[in-house]
Every structure is written in structure tokens, then in C-alpha cells.
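Me: Can we go through this one together? I'll put it up.

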Amino acid sequence: MNLASAVKTQNTAKDKRFKMLDATIKRYQYQQDALIEILHKAQELFGFLENDVLIYIAHNLKLPPSRVYGVATFYHLFSLAPSGVHTCVVCTGTACYVKGAQAILTNLEKIIHIHPGETTADNQISLLTARCLGACGIAPAVVFDKTVLGNQTAESVGNRIKGWLQDGSIRVN
């Protein structure tokens with residue numbers, strides 16, 4: 001039994017999300033060029049893309065796992081780790097960087113004590129960066145829980161994050 005078969009046998013027996021993923025793969029007729037759509041559905045079902053899910057998809061689409069992993073890591077919308085209850089994505093593209101993205105990130109690191117790509121210990125906030133959000137006209141742009149806001153400052157972003165910390169589980173400076 002190979003690794004993909006072992007993953008399929010182990011997981012599908014106890015997790016109905018794999019059956020839903022199977023339906024999506026079948027809807028796309030096992031086409032390899034539907035990989036991005038299938039990864040989107042997998043992330044929607046599982047919350048993030050675990051290694052066993054990536055292997056499962058690779059096996060079903062008859063793709064090398066390295067290709068599936070490569071696509072999953074190339075696009076910033078895919079996550080290989082569970083994200084926090086809230087996500088904050090700071091654009092670090094040229095326009096945003098010039099207009100203060102680094103100051104926003106520095107302030108956030110001081111407030112929530114994590115670096116980009118990390119999630120707080122209580123899984124409340126994930127801090128991410130994006131190379132470009134395509135919102136250069138409103139730079140610096142920050143995405144708060146899928147809502148893009150422009151013309152942000154270190155202070156405005158810090159205040160928004162502090163609002164998320166109502167339960168007091170994270171020390172706020």
C-alpha cells in the first residue's frame with residue numbers, strides 16, 4: 001500500500017469532508033488543470049491544506065505531490081497551517097511599502113508578539129503579508145478578515161487589532 005492509499009483509507013473512513021472533496025474532484029472530471037479550484041474547495045472544507053490532503057489530491061489527480069505542494073505554496077490564498085480566528089494581511093508591494101507598510105508590520109509585531117506568517121498562541125490572530133493586493137491607489141492596504149482597507153497607518157491597524165483582543169488573552173502594549 002502506497003502513502004496516498006494509506007492516507008485515503010485512513011481519512012475517508014472517519015471524515016466526511018473527504019467525500020465532499022471527492023465530489024468536487026469528480027465534478028471537475030479528475031482534470032489536472034482544475035487543481036487550483038480543487039485546492040480552494042479543500043481549503044474551504046478543511047480550513048487549511050494539510051499534507052495528507054495535498055497527497056490525497058495529488059493521488060486522485062495523478063499528479064506528483066511536489067506539483068500540488070508547489071501550487072499550494074505559490075498562491076498566498078492557500079494556507080498549509082491552521083489560521084487564527086482573525087487574519088490580518090499587510091500588503092508589502094512597492095506602493096504600500098513606500099507609504100508605510102513596514103511601520104505597520106513593526107507595530108503589529110510589538111502589539112501581538114508574532115512575526116508575519118505566524119499565528120498567536122491562542123489562535124486568535126494570524127499575521128500575513130502579500131507581495132501585492134492590487135490596491136496600489138489606496139496604499140498602504142491591509143486586509144482584515146477578507147475586507148480590504150486602504151490608507152492605513154500603524155496606529156489605525158494597531159487599534160483594529162487591539163479591538164480583536166477583547167478577551168485579554170494576549171498581552172497588549
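Me: How much of the contact network links residues 24 or more positions apart?

Reply: Such pairs make up 62% of the protein chain's contacts with a separation of 6 or more; a contact means heavy atoms within 4.5 Å. This is a predicted model, where local features need pLDDT of at least 70, side-chain atom pairs count only at pLDDT 80 or more, and totals for chains, interfaces and linings use all residues. Residues are numbered from 1 along each chain as its sequence is written, and side-chain values use heavy atoms, with hydrogens and water left out.

Me: OK, how many helices and strands?

Reply: The protein chain has 8 helices and 5 strands. These are DSSP runs numbered from the N terminus, with at least four residues (H or I) for a helix and at least two (E) for a strand.

Me: Is strand S1 buried or exposed?

Reply: All 6 of the 6 residues of S1 (residues 86-91) are buried, so the rest of the structure largely encloses it. Buried means under 20% relative accessible area, exposed over 50%, and partly exposed in between, using a 1.4 Å probe and protein chains only.

Me: Which residues point which way?

Reply: His-86, Cys-88 and Val-90 point one way from S1, and Thr-87, Val-89 and Cys-91 point the other way.

Me: What does S1 pair with?

Reply: S1 runs parallel to S3 (residues 125-130), with 6 bridges, and antiparallel to S4 (residues 142-144), with 3 bridges. Pairing takes at least two bridges found by DSSP. Val-89 has Leu-128 as its bridge partner in S3, while Cys-88 stands opposite Phe-144 in S4.

Me: New topic: what follows H4?

Reply: Lys-62, with a positive phi near 55°.
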